[in-house]
Amino acid sequence: MHGSVTLCQETGAYCQAYTLDRRVTASVCVFRDPEDGRYVILPPCGICQERLALWGPEVEVGVPDPEDPTRWLARTLAQVNPYYWARHFADGAWPSHRTHSS
Ligand SMILES: [Zn+2]
């Protein structure tokens with residue numbers, strides 16, 4: 001199966017938050033490795049980063065700690081994606097919630 005045809009588990013929570021007009025402030029992707037059963041923290045995929053961008057650059061996401069793979073760190077979307085493409089259409093700023101919603 002190709003990763004682009006799957007849907008991340010977090011998507012349901014993001015849609016629910018949007019439907020209820022609630023703000024997502026943080027998200028962590030927990031993945032269970034089928035090889036050894038270990039749980040690891042993955043950074044959000046590009047599509048989830050795009051979904052989270054609706055709530056702004058300060059949304060925090062979990063990323064693996066490069067110095068200790070058993071730990072994870074919180075980083076903002078802006079830190080994870082410093083060259084966010086949609087800034088081009090918002091005069092260099094992070095697009096507003098309104099812009100993302102339209
Ligand atoms: Zn995803």
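Here is a short chat about a predicted model and how its labels were reached.

Colleague: What makes Cys8, Cys45 and Cys48 count as donors of the zinc ion?

Modeller: Their SG atoms sit at 2.2 to 2.3 Å from the zinc ion. The cut-off for a donor is within 2.8 Å of the metal, so the three sulfurs qualify. Water is not among the atoms, so the site may look incomplete.

Colleague: And which spacing do the donors follow along the chain?

Modeller: The pattern is C-x36-C-x2-C.

Colleague: Why is cysteine 48 called buried?

Modeller: Buried means under 20% relative accessible area. Cysteine 48 has 0%, so the label fits.

Colleague: Then why does cysteine 45 count as partly exposed?

Modeller: Its relative accessibility is 29%. That value lies between the 20% limit for buried and the 50% limit for exposed, so cysteine 45 gets the label in between.

Colleague: How do you know which residues line the largest pocket?

Modeller: A lining residue has an atom within 4 Å of a pocket point. The list includes Thr6, Leu7, Phe31 and Pro44, and two of the zinc donors, Cys8 and Cys45, are also on it. Strand E2, residues 29-32, gives the largest share of the lining, with 3 residues. The volume of this pocket is about 220 Å³.

Colleague: What is the make-up of that lining by class?

Modeller: There are 9 nonpolar, 2 polar and 1 charged residues. Cys and Pro count as nonpolar here, so Cys8, Cys29, Cys45, Pro43 and Pro44 belong to that class. Glu counts as charged, which puts Glu10 in the charged class.

Colleague: On to helix H1. Which of its residues are buried?

Modeller: In H1, residues 10-19, they are Glu10, Thr11, Tyr14 and Ala17. Seen down the helix axis, these buried residues fall within an arc of 125 degrees, so they line one face.

Colleague: What is the general reason behind such a pattern?

Modeller: An α-helix has 3.6 residues a turn, so residues three or four places apart point the same way.

Colleague: What do the buried residues of H1 pack against?

Modeller: Strand E1 (26-27), E2 and helix H2 (46-52). After H1 comes aspartate 21, with a positive phi near 55 degrees.

Colleague: How many helices and strands does the protein chain have?

Modeller: The count is 4 helices and 5 strands, in the order α-β-β-β-α-β-β-α-α. Of the 102 residues, 28% count as buried.

Note on methods: Residues are numbered from 1 along each chain as its sequence is written. This is a predicted model: local features need pLDDT of at least 70, side-chain atom pairs count only at pLDDT 80 or more; totals for chains, interfaces and linings use all residues. Side-chain values use heavy atoms; hydrogens and water are left out. Donors are N, O and S atoms within 2.8 Å of the metal (3.2 Å for Na, K and Ca); water is not among the atoms, so sites may look incomplete. Buried means under 20% relative accessible area, exposed over 50%, partly exposed in between (1.4 Å probe, protein chains only). On a 1 Å grid over the protein atoms alone, a cavity is a set of points where a 1.4 Å probe fits but cannot get out, and a pocket is an open set with protein on both sides within 12 Å along at least five of seven lines; lining residues have an atom within 4 Å of a point. Grid points are joined across faces, edges and corners, and a volume is the space filled by probe spheres set on the points. Helices (H or I, at least four residues) and strands (E, at least two) are DSSP runs, numbered from the N terminus. The arc is that of the directions from the helix axis to the C-beta atoms. Contact means heavy atoms within 4.5 Å.
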